[in-house]
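Me: Please take a close look at the salt bridges in this model. Which residues do they join, and how exposed are the partners?

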Amino acid sequence: MSEITALAERAVGTQAGLRARIERELRGNILPFWSAHVVDHSKGGFYGALSNSLYLRDDQPRSAVLCARILWTYAEAYRLYRHAGYLATARHALDALCNHFWDARNGGVHWMLDPFNRPLSTRKHTYAQAFAIYGLAAFHRATGDAVSLHLARTRFVLLERHAHDLRHGGYIEGCAGEWGALADMRLSDKEPNCRKSMNTLLHVMEAYTALLHVWEHPRLRRRLAELVHIFLDRVIDYETASFHLFFDDAWNTLTAP
């Protein structure tokens, strides 16, 4: 056996071993942990926080992003493993996203709910709409559910109508509850108020990639290509091998990498 062949076989064996360890951690710890501890069976949705000692913080707000991430995670897990428990948690997340977070009057998902699943912040952050698309597309891909695909497409249309920048490309950070102008677009007080960000761009790319898996549409494909080009041309700083993070409308960076 040549040295190259031996190295190749060792690499394959290492990869297989690592995959098995990751899979054991995922299925033996991570997925059952969250299903057991954060699902709110009485009010629906998921508890807002959990302490390190596993104390439920039902006084904390509930995030659309968290709900959509749980939907994506368990939908993908069900698609891969066809485990009924994963499907049950995914359906629970789908119900919360569509019945609690969904803004029936204006469309889109609310940013935050109170512990009783009432709107606490009705902002329409592009970041949250993207995660909703991501989770809904994954659920449709895993189950064939027609409603989840319809809702994902609806959110895409809303982003196109209210958040897409026809002149410079990409999407603004967010809108007010009725999709009007939003003076302060920050996701948190730990970042500057800006019109566009790498973080939101990245997750819209992620969402549109997932949606394109289940819905072939020319505008969606064009928008995804547009976002990839912006990321390559404006976000990546090739001299420092890092990302620019915050931008104005024309994708001029506002901070040093």
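Reply: The salt bridges are taken up below, pair by pair.

The model is predicted, so local features need pLDDT of at least 70 and side-chain atom pairs count only at pLDDT 80 or more, while totals for chains, interfaces and linings use all residues. Residues are numbered from 1 along each chain as its sequence is written, and side-chain values use heavy atoms, with hydrogens and water left out.

A salt bridge here is a side-chain nitrogen of Lys or Arg within 4 Å of a carboxyl oxygen of Asp or Glu. The count by this rule is 14.

One of them joins aspartate 103 to lysine 124, with 2.8 Å between the closest N and O atoms. Aspartate 103 sits in the loop between helix H3 (84–101) and strand S4 (112–113), and lysine 124, 21 residues apart from it, is in strand S6 (residues 124–125); helices (H or I, at least four residues) and strands (E, at least two) are DSSP runs, numbered from the N terminus. Aspartate 103 is buried at 6% relative accessible area, and lysine 124 is buried at 0%. Buried means under 20%, exposed over 50%, and partly exposed in between (1.4 Å probe, protein chains only).

Arginine 195 pairs with aspartate 249, the closest N and O atoms lying 3.0 Å apart. Arginine 195 is in the loop between strands S7 (174–175) and S8 (196–197) and aspartate 249 in the segment after strand S11 (246–247), so the bridge ties together parts 54 residues apart in sequence. Arginine 195 is partly exposed at 35%, as is aspartate 249 at 26%.

Elsewhere, Asp40, Lys43, Asp58 and Arg62 are linked in a salt-bridge network.
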